[in-house]
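Subject: A structure for you to explore

Hi there,

Here is the structure I promised to pass on to you. Have a look around it first, and then read on for what turned up.

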Amino acid sequence: MQLRLLAGIHRIVLRGDAPELADFYPSVGGTADRSAVWPALEPVLRAHVPELRAALEVAPQTNGVGRSVALLVGLSEAVRRTGLRRVRLLEPGASAGLNLLVDHFRFEGDGWSAGPVTASFVLKGCAAPGFVPADFEVVARRGCDLDPFDGTTDEGAAHLRSFIWPHMPERDGRLVAALTTLREHPVTIDRAGAADWVREQLASSEHGSDDVLTVVWHSITRQYWPAAECASMIAAIDEARSRLPVVRVALEDPDPLPTTSTWRPQVEVDDDVIGHCTYHGPPLTLVPAH
Ligand SMILES: C[S@@+](CC[C@H](N)C(=O)[O-])C[C@H]1O[C@@H](n2cnc3c(N)ncnc32)[C@H](O)[C@@H]1O
């Protein structure tokens, strides 16, 4: 509830309706001491009661575009393993689907780079020394989410931005750049649960040919799925393998979650772990031999 309330307040700040409170929000350039925020915050709460009550109905949802570096690395591995470079991307739990635009993003790592030099969204600090990006072409892309936001609308974009915490302006900058890309290249996100949707998409013959690699990609969403949903999606993918080339790529925590304080989410390519990065993406570390 408190996260929903804070996001509702953040939306008011982002649209410029609380200039005195904005001084405390790094996301709009504020630098004031946060511990002194209350006198500026209280009048904003009082002035926007109906809007903030409505905000309590909207569950937090982050579309973390820094996570696309894990997709790039996993996708490159999938392309190398299969020898197929034409890719159909399917993303369950996609939020607004921003990471489906991976081929429109630019990545800069230690000794390598990938993606168009003209990209609006440039992800710096990807690290992963020794990584060699594969050459691939995304021929189709589609996602699903239980509650997708349409990032091409002002309202959808405002919701997505409001869930980036205000003291993390770098993440907000990435999101804004990726939203620009989304407006130029909209993607379809179906309102659906992960497993049934993946099964339906894999059953569809569209783009499901022998020379197109289907990549089922998901990031920081599995932890919210019922266990049966996860097992059902894996079963759907395994069943499809006899009919078409398909690889699962993910950035997720394993279950159970390791208890070490240095734990970072893992990049999975089918049953293999090929790297690790933070919950928001860079820097990425490759597991030796990948
Ligand atoms: C933390 S967000 C991550 C979004 C996106 N994958 C990313 O990495 O930016 C988790 C998303 O999973 C979605 N979600 C949760 N349970 C789901 C399910 N059973 N099926 C489909 N989507 C689900 C939520 O609505 C939310 O958008």
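Let's begin with Pro288, which sits in the segment that follows strand β11 (281-286). Please keep in mind throughout that this is a predicted model. Is Pro288 buried or exposed? Pro288 counts as exposed, because it has 6 C-beta neighbours inside 10 Å, and the cut-off for exposed is 12 or fewer. Its C-alpha atom is 8.0 Å from that of Ile274, although the two residues are 14 apart in sequence.

**The sheet of 8 strands**

Strand β11 takes us to an open sheet of 8 strands, with mixed pairing and the order β6-β5-β1-β7-β8-β9-β10-β11. Its edge strands are β6 (189-191) and β11, each of which pairs on one side only. From one strand to the next, the twist averages 20°.

Within this sheet, look at strand β7 (residues 212-219) and strand β8 (residues 246-252): they run parallel and are joined by 6 bridges. One residue pair to find there is His218 and its bridge partner in β8, Ala250. As background, strands of a sheet pair through backbone hydrogen bonds, either parallel or antiparallel.

Now find helix α5 (residues 68-82), which lies across β1 (86-92), β7, β8, β9 (266-269), β10 (272-278) and β11. Helix α5 runs at about 155° to β8.

**The sheet of 3 strands**

There is also an open sheet of 3 strands, in the order β3-β2-β4 and again with mixed pairing. Here β3 and β4 stand at the edges with a single partner strand each, so one side of each has no neighbour in the sheet.

How do the strands in this sheet run? Strand β2 (residues 106-109) is antiparallel to strand β3 (residues 112-114), with 3 bridges between them, and parallel to strand β4 (residues 122-123), with 2 bridges. In β3, Phe107 has Ala114 as its bridge partner, while Gly109 has Trp112. On the β4 side, Arg106 is partnered with Val122.

Strands β2 and β3 form a hairpin with 2 residues between them, and Gly111 in that turn has a positive phi of about 85°.

Which residues of β2 point to the buried face? Phe107 and Gly109 point to one face and are buried, whereas Arg106 and Glu108 point to the other and are not. You can set that beside the general pattern: in a regular strand the side chains alternate between the two faces of the sheet.

**Two helices side by side**

Next, turn to helix α8 (residues 194-203) and helix α9, which pack at an angle of about 10° with their axes 8 Å apart. That angle is why α8 counts as roughly parallel to α9. On the α8 side of the contact are Ala194, Ala195, Val198, Arg199 and Leu202, and they meet Glu229, Ser232, Met233, Ala236, Ile237 and Ala240 in α9. The residues of this contact divide into 8 nonpolar, 1 polar and 2 charged.

Cys230 is also in helix α9 (residues 227-240). It counts as partly exposed because it has 17 C-beta neighbours inside 10 Å. Leaving aside residues up to four places away in sequence, Cys230 touches Arg222 and Trp225. The C-alpha atoms of Cys230 and Ala194 are separated by 8.1 Å, with their positions 36 residues apart along the chain.

**Around the ligand**

Which residues come nearest to the ligand? Of the 22 residues around it, they are Gly93, Ser95, Ala194, Ser219 and Thr221. By class, this shell has 8 nonpolar, 10 polar and 4 charged residues.

Ser95 lies in the loop between β1 and β2. It is buried, because 24 other C-beta atoms lie within 10 Å. Its phi is near 60°, a positive value in a residue other than glycine.

**A few backbone details**

Asp270, in the loop between β9 and β10, also has a positive phi, of about 50°, although it is not a glycine. With 19 C-beta neighbours inside 10 Å, Asp270 counts as partly exposed.

Finally, look for two cis peptide bonds. One runs from Asp255 to Pro256, with omega near 5°, and Pro256 is in the loop between β8 and β9. Another joins Pro282 and Pro283, with omega about -5°, and Pro283 is in strand β11.

Enjoy exploring!

Best wishes

Notes:
Residues numbered from 1 in each chain as written. Predicted model: local features only at pLDDT ≥ 70, side-chain atom pairs only at ≥ 80, totals over all residues. Near = placed C-beta within 6 Å. Nonpolar A, V, L, I, M, F, W, Y, C, P; charged D, E, K, R; others polar. Helix = DSSP H or I, 4+ residues; strand = E, 2+ residues; numbered from the N terminus. Buried ≥ 20, exposed ≤ 12 C-beta atoms within 10 Å, placed from the backbone. Contact = placed C-beta atoms within 7 Å. Pairing = 2+ DSSP bridges. Axes fitted to C-alpha atoms, helices over the stretch in contact; angles between N-to-C directions. Parallel < 35°, antiparallel > 145°, perpendicular 65-115°, else oblique.
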